[in-house]
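Please open the model in your viewer and keep the selection tool at hand, as this tour goes from one selection to the next.

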Amino acid sequence: MIPKPGGGERELGIPTVLDRLIQQALLQVLQSILDPTFSQHSYGFRPGRSAHDAVLAAQSFVQSGRRVVVDVDLEKFFDRVDHDILIDRLRKKIRDPGVIRLVRAYLNADIVDGGVVLKRTRGTPQGGPLSPLLANVLLDEDKELEQRGHAFCRYADDCNVYVRSQRAGKRVMALLRRLYGRLRLKVNETKSAVATVFGSKFLGYAFFKAPGRVVKRRVADKAIKAFKERIRELTPRVTGRSLKAVAERLRLFVRGWKAYFRLAQTPRVWQALDEWMRHRVRAIQLKQWKHGRTIFREMMARGAKPGVAQQVAANAGRWWRNSGKLLNATLTIRWVDQLGMPRLV
C-alpha cells in the first residue's frame, strides 16, 4: 500500500474494473492480429486449440517413427521476458503506436513485494490476461523450426521436438539454445534433455508401445503421483467431516482431473486408482467407527456375516489393512456411489 496525495491509500498490482476491461479489449485486438501469424505447431492459449490437440499431434509424430524427443525447459520464463525484444517483435506486426504504448504500460506496471513498490524491468504480470499471448509472440521461433522441417509441438514455453536419432536431437538442442539465447532466455539444463520419448512426458502425458507397434497415451508417472498426493490431502483419516462432505471435495477435484486426462488409453490404471480411492474412504469410515464394538454393530446393521464382522472388528486399529478385502463385501461400490464418490471409469 502507498499513500495517495490526498492522504488515502491504493494497492498496486490489483487492477481496477476499468483496467481489466481495457486489458480484455486489448487482448481481443491483439489476438485478432497476431494469432493468425503463429505457427500451426503452437497450441498454448490460442482459440480453438488445446493441450489435448498438442498431445495428439505429439503422438502422431512418435507413431511416425520419431522416437527421440528434444525436451527444452526454460528457467522462470515469464519472469525473464525481455520487454525491449518483445516490443520490437510487436512493432513488426502491429503498426498502431497506441496499441504498442498500451502493451508497454501493461508490461511496466509496478508490483508490490512485501509492501515495497518495485519497478518491473522484465517479465510479464503473473495471471495477467495478456501474458500468455505475449509469450507466444516472443517464442514464435517456431518458424525457423518449420523451415528446417522439424516435427514439434509447443504449448506456451513447453516445447518438444521429435526426431529419429540422438545425433539429430543434439543438433536440434544446440539450435534451440541459440534461438533462446537471442531472446535472453535461459535454458534449464537440469530439466532439458535429448531422450527417448518413452521415458519422457509432455503436458502431463507420456507414451508407451502397445502390441502391433501402436503408440498409445498414458498419464505420466509424475502426474499419477501428484494425483495421489492430492487425494491423500482430501481424505485424511482424522477428519471432522462427514463422508458425504469428503466425497464432495473429491468429486470437484477428480472431475477436473478426469476431464484433462481423458485421452489416457490405460483403463486398468484408472480402475486401480478408483479402487485405491474407495479403499481410502472405507478406511475413514472405520476410523470414524473407531472401536471394535461399534465396527461389529455397524457391519451387522449393513448385512455382514457375523464371522466377517467379528474378524474386521478384532483388527479395529489397523485401519488401512482392515479397509480392504473382507470389508468390501459390506461397504460395497454401491455404498461408495451413494456417498457421491466420483469414478474415473
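**Aromatic pairs and a charged patch**

The count of aromatic pairs comes to 10, where rings of Phe, Tyr and Trp (its six-membered ring) pair if their centres lie within 6.5 Å, and planes under 30 degrees apart count as stacked, over 60 as edge-to-face and the rest as tilted. Begin by selecting Phe77 and Phe78, an edge-to-face pair whose centres are 4.9 Å apart and whose planes meet at 75 degrees. Phe77 counts as buried, at 2% relative accessibility, whereas Phe78 is partly exposed at 28%; buried means under 20% relative accessible area, exposed over 50%, and partly exposed in between (1.4 Å probe, protein chains only).

This is a predicted model, in which local features need pLDDT of at least 70 and side-chain atom pairs count only at pLDDT 80 or more, while totals for chains, interfaces and linings use all residues. Residues are numbered from 1 along each chain as its sequence is written, and side-chain values use heavy atoms, with hydrogens and water left out.

Next, select Trp257 and Phe261, which are both buried. Their ring centres lie 4.7 Å apart with the planes at 45 degrees, so this pair is tilted. Now add Tyr205, Phe227, Phe253, Tyr260 and Trp270, which together with Trp257 and Phe261 form one aromatic cluster.

Finally, select Lys191, which lies in the loop between α8 (166-182) and β8 (193-196), and which is exposed, with a relative accessible area of 56%. Adding Lys201, Lys222 and Lys225 to Lys191 shows the members of a positive surface patch.

Definitions and conventions
Patches are made of residues with over 30% relative accessible area and no salt bridge: like charges are joined within 9 Å, nonpolar side chains (Val, Leu, Ile, Met, Phe, Trp, Tyr) within 5 Å. Accessible areas come from the Shrake-Rupley method with a 1.4 Å probe; for residues, only the protein chains shown count as cover. A salt bridge is a side-chain nitrogen of Lys or Arg within 4 Å of a carboxyl oxygen of Asp or Glu. Lys and Arg count as positive and Asp and Glu as negative; His and the chain ends are not counted. The place of a charge is taken as NZ of Lys, CZ of Arg, CG of Asp or CD of Glu. Helices (H or I, at least four residues) and strands (E, at least two) are DSSP runs, numbered from the N terminus.
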